[in-house]
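The exercises below are meant to be worked with the sequence and the coordinates side by side. Try each task before reading its solution.

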Amino acid sequence: MRRPVSIASPKGKLGVLTPGMGAVSTTLMSGVELVRQGHSLPVGSLTQMGTIRLGRRTEGRVPKIKDFVKLAELNDLVFGGWDIYKDSAYQAAAKAGVLEAKDLDKAKKFLDGVKPMKAAFDQNYVKNLSGTNVKKGKNKFDLAEQIREDIREFKKKNKLDRLVMVWCGSTEVFMKANAVHQDLASFEKAMKANDAAIAPSMLYAYAAIAEEVPYANGAPNLTADIPALEQFAHDKHVPVAGKDFKTGQTLMKTVLSPAFKARMLGLNGWFSTNILGNRDGEVLDDPGSFKTKEESKLGALEYILQPKVYPQLYGNFTHKVRINYYPPRGDNKEGWDNIDIFGWLGYPMQIKVDFLCRDSILAAPIVLDLALFLDLAGRAKMRGIQEWLSFYFKSPMCAPELYPEHDLFIQLMKLKNTLRWMMGEDLITHLGAEYYD
Ligand SMILES: NC(=O)c1ccc[n+]([C@@H]2O[C@H](COP(=O)([O-])OP(=O)(O)OC[C@H]3O[C@@H](n4cnc5c(N)ncnc54)[C@H](O)[C@@H]3O)[C@@H](O)[C@H]2O)c1
């Protein structure tokens with residue numbers, strides 16, 4: 001990837017489109033509106049609250065990230081989306097039950113104005129949902145063309161300068177890449193033939209790339225993580241990123257496991273269980289969708305701990321992940337981890353983590369950051385997989401010859417160094433030898 005020569009300024013309005021207007025998407029929209037009205041702080045958002053050190057430690061140059069790289073302003077964001085239910089963003093947010101009525105009411109007028117467009121949906125890919133706000137079409141290619149038309153219409157109607165799309169739809173059933181995903185011609189042929197290997201989420205990703213709209217995938221579905229769409233994004237100069245927002249349990253996992261490895265503490269086992277009662281939990285109650293999520297949640301430890309490099313410490317650990325749909329908890333998930341580690345002379349120890357989190361409260365700022373960073377990448381003419389956004393994902397997309405980087409601290413360093421590199425600032429290696437000359 002070449003360093004951007006120039007970065008277009010974020011003038012005008014930026015459209016943020018989310019396929020799926022459920023808990024995460026509507027918590028994002030409500031939150032941005034509450035921040036715009038001055039009622040709340042954008043806590044959890046690196047783009048809004050984070051700073052970046054530039055130059056030597058003695059220089060004291062620590063601007064806010066959003067000022068350093070000139071991100072779109074929250075006042076310039078315009079939201080839209082698709083869903084299989086007709087509920088406005090206000091109704092959907094009220095049903096999701098993430099935010100209290102006293103907060104939602106302040107954003108009601110705004111949220112009432114965000115109505116979902118008809119979804120490209122097929123229950124074969126999300127077994128536990130059915131709705132009526134669904135497109136009809138000759139074939140899958142025709143549905144993708146309809147999404148493209150929606151995008152163009154939304155842009156025109158709202159007088160937008162640019163757009164980004166972040167998949168906030170349900171987790172689809174587990175799929176592996178096959179021959180039809182290998183190149184664009186086979187992919188388009190398969191869409192026209194209604195091939196089962198083309199999931200609805202792929203139609204949105206295809207449409208976004210075709211319309212030159214940067215795209216990120218917040219769920220673990222395969223979607224854009226296939227050679228055909230990666231190549232398409234590269235050729236069309238569109239940035240893409242994914243998959244699966246890294247919010248609660250996996251965030252903890254990718255913080256704790258680097259610490260164990262740094263101190264050469266061994267691991268015998270890691271048992272992770274979750275109870276959650278939102279619609280996402282209901283969807284994940286289907287074994288097909290659970291399998292997609294399970295694969296995504298299982299990946300991180302293997303890559304961080306490198307069992308092949310450290311067979312005595314990490315060559316034989318048991319890793320289990322469970323998700324249980326438990327309606328009384330709603331969006332307030334409990335992620336409980338039991339970690340069996342061992343130390344000096346092999347003596348065993350245990351760590352218990354009980355994270356009583358709020359799923360969508362953790363996810364919403366991630367969607368905001370992704371929207372703003374993808375827009376930045378688009379304005380900088382960066383294309384294809386944006387590995388520097390791995391920080392936000394459980395299953396980061398990366399070039400085929402690479403393994404994904406999961407360690408949160410390496411991911412953050414990579415993200416900030418990418419911003420420095422884009423702006424022509426020195427990269428920070430933390431060597432610091434110059435202070436002792
Ligand atoms: N909240 C988190 O912490 C978190 C973390 C990682 C990933 N995710 C993923 O983000 C996604 C959204 O989560 P959520 O809690 O908002 O779920 P949700 O069930 O509240 O919302 C998803 C919405 O997507 C809609 N949908 C499904 N298929 C669609 C399609 N083909 N087109 C348009 N709309 C479609 C559903 O009707 C639903 O309203 C899920 O896939 C979830 O697994 C969430």
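The model is predicted, and the exercises begin at the ligand.

**Exercise 1. Describe the surroundings of the ligand, beginning with its polar contacts to the protein.**

Step 1. Start with S170, where a backbone N or O atom lies 3.4 Å from an oxygen atom of the ligand.

Step 2. Turn to D83, which places a polar side-chain atom 2.7 Å from an oxygen atom of the ligand, and then to G20, where a polar backbone atom is 3.5 Å from a ligand nitrogen atom.

Step 3. Widen the view to the 30 residues around the ligand, of which A23, V24, D83, G169 and R279 come nearest.

**Exercise 2. Determine how helix α1 is built and what its buried residues pack against.**

Step 1. Helix α1 covers residues 23-36, and its 14 residues reach 20 Å from the first C-alpha to the last, close to the 20 Å expected at 1.5 Å a residue.

Step 2. Count the covered positions: 11 of the 14 residues of α1 are buried, among them A23 and V24, two residues that are also listed among those that come nearest to the ligand.

Step 3. Follow the contacts of these buried residues, which pack against the strands β1 (14-19) and β2 (77-83) and against the helices α4 (89-96), α5 (101-104), α6 (108-112) and α15 (359-379).

Step 4. Look just after α1, where G38 takes a positive phi of about 85 degrees.

**Exercise 3. Work out the strand order of the sheet that contains β7, and place helix α11 relative to this sheet.**

Step 1. The open sheet has 4 strands in the order β8-β7-β9-β10, with mixed pairing; its edge strands, β8 (318-325) and β10 (348-356), each pair on one side only, and the twist averages 10 degrees from one strand to the next.

Step 2. Examine β7 (residues 266-276), which is joined to β8 by 8 bridges, the two strands running parallel; I275 has N324 in β8 as its bridge partner.

Step 3. Add helix α11 (residues 249-262), which lies across β7, β8, β9 (334-342) and β10 and runs at about 165 degrees to β7.

**Exercise 4. Classify M349 as buried, partly exposed or exposed, and list its contacts.**

Step 1. M349 is located in strand β10.

Step 2. Its relative accessibility is 39%, so M349 counts as partly exposed, given that this class lies between the limits of 20% and 50%.

Step 3. Leaving aside residues up to four places away in sequence, M349 touches I339, D340, I341, F342 and G343.

Technical notes:
Residues are numbered from 1 along each chain as its sequence is written. This is a predicted model: local features need pLDDT of at least 70, side-chain atom pairs count only at pLDDT 80 or more; totals for chains, interfaces and linings use all residues. Side-chain values use heavy atoms; hydrogens and water are left out. The expected span of a helix is 1.5 Å times one less than its number of residues. Buried means under 20% relative accessible area, exposed over 50%, partly exposed in between (1.4 Å probe, protein chains only). Contact means heavy atoms within 4.5 Å. Two strands pair if DSSP finds at least two bridges between them. Axes are lines fitted to C-alpha atoms, for helices over the stretch in contact, and angles run from 0 to 180 degrees between N-to-C directions. A residue is near a molecule or strand if one of its heavy atoms lies within 4 Å of it. A polar contact is a pair of N or O atoms within 3.5 Å; within protein, one must be able to donate a hydrogen and the other to accept it, and residues adjacent in sequence count only if both atoms are side-chain atoms.
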